[in-house]
Amino acid sequence: MQKQFFTRRYYFSNPKYINFNRFIIQHKMGTTTYLVVIIFLGSLVNSTFGFGFALTTVPLLSLFLGLNTLGPLIPLLFLTSGILIVFQGRKNVQFKSVIPLALAATLIIPIGVYLNKYGPEMIMKLILGIFIVIFSIYNLKTPVLPKLNDNKTAPIFGGLSGLFAGICNISGPPAVIYAALRQWQPNIFRVTLQAYFLYVNCIVISSHVYIRSYDNPNIVLYYLIALPSMLLAIPIGKKINQSIKSPQKFNKYVYGLMLFSGVLLIVKSINTIL
């Protein structure tokens, strides 16, 4: 009886168990629902257009979660969905087209991961918000840009992609812009970018493992909570991709949401800094 008393007393007085129980209580309802909905939305956008998972989820989730939590979490989720999408469309992947991007990203990702863990979070959110606003306006305006006929500028786009991948797991915008400038065929655009993002996420995950970001037990719990909604969105997004008649119109809704999220991040970062 005395042993049982001390066992219970140790359990309720141990900070490790107190923090875990507090996490469960705080995230059972509102935050959990919000997480599931946003991950579903990001997976749906990613499965429909071939990119946009992190671009959709990180700005919205970072309003409530820190980048040091999202940094390790988002690549784990994308790894699962990316493997499924690339496997289904593996015949259309043009691996040689993304080698320069991948090489440059590989060199810069560790710098981004370091900044994610040790850098000033509010400053990084401000930079992220500005970048998302610029990228969203670019997509909403759909300017006519020149075509890139070679890979000479690929290291620039790959480096930027790797930097943002390491900081906040948003490797998409620079790579998508590069793909648009190269004017890749639609049948290879979606899956080839997915293959590149899958590679980038593997590097990001390895970097986070090295600096022990996954020692935080909350990341695994978030992953398990969000995983079912993400897997549910993949086949739905595939059906939308096959049936949608005007993807440009749907794209504008997506980037309108991103523009709104980017503005929120900028305002929140400025208020925190001031």
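**Group meeting: a walk through an all-helix model**

Okay, let's start on the outside. Ile 111, Tyr 114, Leu 115 and Tyr 118 together make a nonpolar surface patch of about 430 Å². Keep in mind throughout that this is a predicted model.

Take one member of that patch, Tyr 114. Where does Tyr 114 sit? In helix H6, which runs over residues 99–118. And is Tyr 114 buried or exposed? Exposed, because its relative accessible area is 52% and the cut-off is over 50%.

Before going further into H6, here's the overall picture. The chain has twelve helices and zero strands, so if you read the pattern along the sequence you just get α-α-α-α-α-α-α-α-α-α-α-α. There are 274 residues, and 48% of them count as buried. The accessible surface comes to about 14400 Å², with 68% of that belonging to carbon and sulfur atoms. On contacts: take the pairs at least 6 apart in sequence, and 82% of those join residues at least 24 apart.

Back to H6, then. With 20 residues at 1.5 Å a residue, H6 should span 28 Å, and its end C-alpha atoms are 29 Å apart, which agrees. There is a kink, though: about 35° at Ile 108, shortly before the proline Pro 110. As for what H6 tucks away, the buried residues are Pro 100, Leu 101, Ala 102, Ala 104, Ala 105, Ile 109, Gly 112, Val 113 and Asn 116. At the start of the range we have Ile 99, also in H6. Ile 99 counts as partly exposed, at 43% relative accessibility. Its C-alpha is 9.0 Å from that of Ala 154, with the two positions 55 residues apart in sequence.

Next stop, helix H9, residues 172–182. How many of its eleven residues are buried? Ten, so "mostly covered" is a fair description of H9. The buried set is Gly 172, Pro 173, Pro 174, Ala 175, Val 176, Ile 177, Tyr 178, Ala 179, Leu 181 and Arg 182. Yes, there's an arginine in that list. Just after H9, Gln 183 takes a positive phi of about 55°. For context, most residues other than glycine have a negative phi.

Moving on to H10, which covers 186–210. I picked two residues here. One is Thr 192, in H10, which counts as buried because its relative accessibility is 1%. What does Thr 192 touch, once you skip residues up to four places away in sequence? Asn 92, Val 93, Gln 94, Val 98 and Trp 184.

The other one is Leu 198, again in H10. At 14% relative accessibility, Leu 198 is buried too, since the cut-off is under 20%. Leaving aside neighbours within four places, Leu 198 is in contact with Phe 78, Leu 79, Gly 82, Ile 83 and Val 86. Look at Gly 82 in particular: the C-alpha atoms of Leu 198 and Gly 82 are separated by 5.8 Å, while the two residues are 116 apart along the chain.

After H10 comes a loop that leads to helix H11, 217–243, and Arg 212 lies in that loop. Arg 212 has a positive phi of about 65° although it's not a glycine. Arg 212 is also exposed, because its relative accessible area is 57%.

Which residue does Arg 212 pair with in a salt bridge? Asp 215, with the closest N and O atoms 2.8 Å apart. That's within the 4 Å used for a salt bridge. In general, side chains of opposite charge can pair when their charged atoms come close. Asp 215 counts as partly exposed, at 49% relative accessibility. And how many salt bridges does the count come to? One.

Last helix for today, H11. H11 has 27 residues and reaches 40 Å from first C-alpha to last, close to the 39 Å expected at 1.5 Å a residue. H11 has a kink of about 40° at Ala 226, shortly before the proline Pro 228. Ala 226 itself is among the buried residues of H11. The others are Ile 219, Tyr 222, Tyr 223, Leu 227, Ser 229, Met 230, Ala 233, Ile 234 and Gly 237.

So if you're opening the model, I'd put three places on screen: the patch at Ile 111, Tyr 114, Leu 115 and Tyr 118, the Leu 198 and Gly 82 pair, and the Arg 212 and Asp 215 salt bridge. That's it from me.

How values were computed
Residues numbered from 1 in each chain as written. Predicted model: local features only at pLDDT ≥ 70, side-chain atom pairs only at ≥ 80, totals over all residues. Heavy atoms only, no water. Patch = residues over 30% accessible without salt bridge, like charges linked within 9 Å, V, L, I, M, F, W, Y side chains within 5 Å. Areas by Shrake-Rupley, 256 points an atom, 1.4 Å probe, with all protein chains shown as cover. Salt bridge = Lys/Arg side-chain N within 4 Å of Asp/Glu carboxyl O. Helix = DSSP H or I, 4+ residues; strand = E, 2+ residues; numbered from the N terminus. Buried < 20%, exposed > 50% of the residue type's maximum accessible area, 1.4 Å probe, protein only. Contact = heavy atoms within 4.5 Å. Expected span 1.5 Å × (residues − 1). Bend = angle between axes of the 7 residues up to and from the residue.
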